[in-house]
Every structure is written in C-alpha cells, then in structure tokens.
Amino acid sequence: MKSELISKMSEIKIFFFDLEGVLMHNGVMEDNSIKAISNTCKIFNQLGLIFGIVTARKEDKLIKKLRAIEDCFVLSSSLDKVLETDKFLSSRSVNYKNVFYMGDDLLDIPLLKKCGVSCAPKNSRREVKRIVNFIAHSDKCEDLLNEIIGFYKKSKEQANRAAKC
C-alpha cells in the first residue's frame with residue numbers, strides 16, 4: 001500500500017458509496033446486500049465513522065428502506081452529487097479531504113475528483129478507473145464493503161505504526 005494513500009485513508013471520516021453499479025446491480029438490491037450495508041453502518045459507527053449513499057435515484061421503496069437502516073445516510077434525487085454532498089458536509093463541518101467515495105460511472109467523476117480518497121469497483125467504466133486513487137478487487141456489495149473496512153483498518157494500523165517511529 002502506498003504511504004500517501006495510507007495517510008489519506010487514515011484521515012477519512014465519511015464513507016460514501018454510489019448505489020447503482022456499486023452497491024446494487026441490474027436494478028436489484030438483494031436482501032444480503034441490505035444486511036451487509038446495515039452491518040457496515042454498525043461497524044463504521046463503532047469506529048466513529050459515517051456511512052452514506054449518494055445516488056441520483058428518486059425517492060422510492062428502496063431509498064426508504066435504506067434510510068431506515070440505522071446510521072445510514074442517503075443523499076438522493078439529484079444528478080448533482082457534489083451539491084448534495086456539499087450540503088451534507090457543511091452541516092457536519094467536514095472537509096472533502098476526509099471523505100471517501102466509491103463510484104463507477106461518468107456521473108460520479110465530479111465527486112470522485114473532490115474526495116480525499118476515491119475508489120471504483122473492478123467493473124467500473126474505464127474513464128472512472130483512470131481518475132480514482134485505487135480500484136477495488138470486487139464488484140459485489142458485501143465483498144466491496146468488507147474490502148473497504150479491511151483497507152481502512154489496515155491503513156489506521158500502518159499510520160499508527162508510522163507515527164510511533
């Protein structure tokens with residue numbers, strides 16, 4: 001892991017994920033994915049982190065179901081993901097350097113470029129893969145979330161070891 005990326009990742013306070021193409025595929029959110037999101041929200045909360053979803057999807061049953069997950073923040077119904085994220089961050093006095101975002105499509109590029117750490121699943125568009133800090137090994141919701149949790153914990157451990165030296 002590159003030391004610059006480890007340093008950036010260890011400063012992340014908010015983890016945002018795109019919905020369609022990242023956490024769900026082919027317009028279907030499976031129950032095991034909902035469970036994985038709920039478990040990730042709990043883990044992040046215990047670590048003092050925030051979990052969120054940024055999507056252009058309009059308010060519907062799925063969005064309501066995701067909003068019902070404890071400690072899951074859903075920013076929806078806007079094609080301008082940066083604008084919605086700006087509002088959320090300003091309400092929490094958080095800077096973009098403390099934000100992680102995983103996106104997969106052209107609509108995600110403006111937000112990916114602003115965040116401290118940007119990531120794309122392995123099945124993302126080529127244009128997205130070219131501008132992110134790293135590409136995840138998976139493309140399934142549960143695997144992606146576990147990979148990011150592991151990566152964050154590893155970066156914190158390595159940053160703590162580096163600080164002791």
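Q: How far apart are the end C-alpha atoms of helix H7 (residues 141–164), and what span should its 24 residues have?
A: This is a predicted model, so let's check the helix with simple arithmetic. At 1.5 Å a residue, the 24 residues of H7 should span 34 Å. The distance between the end C-alpha atoms agrees with that, coming out at 35 Å.

Q: Which residues of H7 are buried?
A: A handy rule first: an α-helix has 3.6 residues a turn, so residues three or four places apart point the same way. Now look along H7 for the buried ones. They are Cys141, Glu142, Leu144, Leu145, Ile148, Ile149, Phe151, Tyr152 and Ser155.

Q: Is Ser155 buried or exposed?
A: Ser155 sits in helix H7. Buried means under 20% relative accessible area. Ser155 has 0% relative accessibility, so it counts as buried.

Q: Which backbone oxygen lies 2.7 Å from a polar atom of the Ser155 side chain?
A: Ser155 touches Ile6, Met9 and Ser10, leaving aside residues up to four places away in sequence. For this oxygen, though, look within 2.7 Å of a polar atom in the Ser155 side chain. The backbone oxygen there belongs to Tyr152.

Q: How many residues of strand S1 (residues 14–18) are buried?
A: Start with the two directions: Ile14, Phe16 and Asp18 point one way from S1, while Phe15 and Phe17 point the other way. That fits a general pattern, since in a regular strand the side chains alternate between the two faces of the sheet. Both groups in S1 are buried. S1 is therefore largely enclosed by the rest of the structure, and its buried count is 5 of the 5 residues.

Q: What are the bridge partners of Phe15 in S2 and in S4?
A: S1 pairs with S2 in the parallel sense over 5 bridges. S1 also pairs with strand S4 (residues 99–102), again in the parallel sense, over 4 bridges. Follow Phe15 into each strand: its partner in S2 is Phe51, and its partner in S4 is Phe100.

Q: What is the handedness of the β-α-β crossover from S1 to S2?
A: Trace the chain from S1 through H2 to S2. The crossover made along that path is right-handed.

Q: Is Gly48 buried or exposed?
A: Gly48 is in the loop between helix H2 (31–46) and strand S2 (50–54). Its C-alpha atom is separated by 9.3 Å from that of Ile14, 34 residues apart along the chain. Exposed means over 50% relative accessible area. Gly48 has 58%, so it is exposed.

Note on methods. Residues are numbered from 1 along each chain as its sequence is written. This is a predicted model: local features need pLDDT of at least 70, side-chain atom pairs count only at pLDDT 80 or more; totals for chains, interfaces and linings use all residues. Side-chain values use heavy atoms; hydrogens and water are left out. The expected span of a helix is 1.5 Å times one less than its number of residues. Buried means under 20% relative accessible area, exposed over 50%, partly exposed in between (1.4 Å probe, protein chains only). A polar contact is a pair of N or O atoms within 3.5 Å; within protein, one must be able to donate a hydrogen and the other to accept it, and residues adjacent in sequence count only if both atoms are side-chain atoms. Contact means heavy atoms within 4.5 Å. Two strands pair if DSSP finds at least two bridges between them. A crossover is right-handed if, with the strands pointing away from the viewer, the path from the first strand over the helix to the second runs clockwise.
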